[in-house]
Amino acid sequence: MQNLLQILKQRILYLGICRYILGIIMIPYGLTKIMRTQFVTDPDVWKRPLEELSGINLTWAFLGHSPWFTVLLGCLEFMPALLLLFRRTTLLGAILMLPMTLNVLFINYAYNLWDGTKQMAIFLFVLNCLVLLYERERIVQLLRVIINRTGSIKRIPLALALNAVVIGVVCYFAIKPLIEYRRDTNLLTGNWFNGQPIEWVLQRQMLNDSVLPSHQQKIYFGPLNQYTELGMNHFYSSPNQYVLNAKESSLVLKDADGKIQFKFKYTLLGDTGMKMVTTVGSGKPSQLTQYYSRRVMHSHAEDL
């Protein structure tokens, strides 16, 4: 009985239990990716618009899109799992496994996957942390070697100050254009930054007083003057850029080379639509009037 209590008090016993459980569970997870039997997307998902996809669909389609990347993920789980099964390589296996278990944990919660996988992700991450906790003495020794404490302490404040200046300058020049990009929105783009851009759907169009045959056409205005059109209008080739003048209620469409294709006068019809008016034709120009309905895309993202 006393020998049993002595065994139960040994840290190596619990370290062995944690590393074996973690390694044994992660081996099948790695093999499913190596054999490419995980992240298989159902055929019906490919036909659905992006805004209708749930977090699960997005995750599976993204992670399964590249076969070699899927196999790489499997190897990055399989190899550390094997290292955990051997005492001499336990620490290396736990260190290599930590970013994998942490990544799985974040993906499960960020993309709102199944409750069962969320619980398993927490369990695996905790096991990984326990193995590292049991190996804390070796980790401290490793950190001392990496940090190299033999250097002069007097130089540390100078190095910190120099690095702080370098980081501050780099961040300033890197963040400034990003902030401008985030703020680049207008009444035509919608809240694109939070995944809710506006889709403008053609309802009808008139040439002078004549109603033209209906056809499907959708236009999208994005940041940095990006313009996208689906169902090209037969009056002009699909432009790539736009210039908006909200004060004059004018809209200019340009091609990829910056050449002006058309100039519109627009009128917002409340929160539901927009009227765009321009002239077409060379000899005897005609007035083209287009009516678009306004739809906020991904407006029910929280329900997906």
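Which residue stands opposite Asn-191 in E2? It's Gln-196, and I'll come back to that pair once we've seen the whole chain.

Okay, hi everyone. Before anything else, this is a predicted model, where local features need pLDDT of at least 70, side-chain atom pairs count only at pLDDT 80 or more, and totals for chains, interfaces and linings use all residues. Residues are numbered from 1 along each chain as its sequence is written, and side-chain values use heavy atoms, with hydrogens and water left out.

So, the overall picture. The chain has 8 helices and 10 strands. When I say helix or strand, I mean a DSSP run, H or I with at least four residues for helices, E with at least two for strands, numbered from the N terminus.

Now look at the overall dimensions. The radius of gyration is 29 Å, whereas a compact globule of 304 residues would have one near 19 Å. That radius is taken over C-alpha atoms, and the globule rule is 2.2 Å times the number of residues to the power 0.38. Along the principal axes, the C-alpha atoms fill a box of roughly 105 × 55 × 35 Å.

How much of the chain counts as buried? That's 32% of the 304 residues. Buried here is under 20% relative accessible area, exposed is over 50%, and partly exposed is in between, with a 1.4 Å probe and protein chains only. The accessible surface comes to about 19900 Å², and 63% of that belongs to carbon and sulfur atoms. Those areas come from the Shrake-Rupley method with a 1.4 Å probe, and for residues only the protein chains shown count as cover.

One more whole-chain number, on contacts, meaning heavy atoms within 4.5 Å. Take the contacts with a separation of 6 or more: 48% of them are between residues 24 or more positions apart.

On to the helices. Glu-77 sits in helix H4, residues 67-84. Is Glu-77 buried or exposed? Buried, because its relative accessible area is 3%. Leaving out residues up to four places away in sequence, Glu-77 touches Met-26, Tyr-29, Gly-30, Lys-33, Met-97, Met-100 and Val-104.

H4 also turns up in the story of helix H3, residues 55-63. Buried residues in H3 include Asn-57, Trp-60 and Leu-63. The cover over the buried residues of H3 includes H4 and helix H5, which is 90-110.

For contrast, go to helix H8, residues 156-182, where you'll find Leu-162. Leu-162 counts as exposed because its relative accessibility is 54%. Its C-alpha atom is 44 Å from that of Leu-85, and the two are 77 residues apart along the chain.

Right, strands. I call two strands paired if DSSP finds at least two bridges between them. Let's start with E2, residues 196-207, which pairs with E1, residues 190-191, in the antiparallel sense over 2 bridges. That's where our opening pair lives: Asn-191 opposite Gln-196. E1 and E2 make a hairpin with 4 residues between them, and Gly-195 in the turn has a positive phi of about 75 degrees.

E2 has other partners too. It runs antiparallel to E10, residues 286-296, with 9 bridges joining them, and Glu-199 has Arg-295 as its bridge partner in E10. E2 is also joined to E4, residues 218-221, by 2 bridges, again antiparallel. In E4, Ile-219 stands opposite Trp-200. Then there's E3, residues 210-211, paired antiparallel with E2 over 2 bridges. The E2 and E3 hairpin has 2 residues between the strands, and Asn-208 in that turn has a positive phi of about 60 degrees.

Last stop, strand E7, residues 250-254. It's mostly covered, with 4 of its 5 residues buried. On one hand, E7 pairs antiparallel with E6, residues 241-245, over 5 bridges. On the other, 5 bridges join E7 to E8, residues 260-269, also antiparallel.

Which residue should you click on here? I'd say Val-252: it's the bridge partner of Val-243, and it stands opposite Lys-263 in E8. Both pairings come with hairpins. The E6 and E7 one has 4 residues between the strands, with Ser-249 at a positive phi near 55 degrees. The E7 and E8 one has 5 residues between the strands, with Gly-258 at a positive phi near 85 degrees.

That's my tour, thanks!
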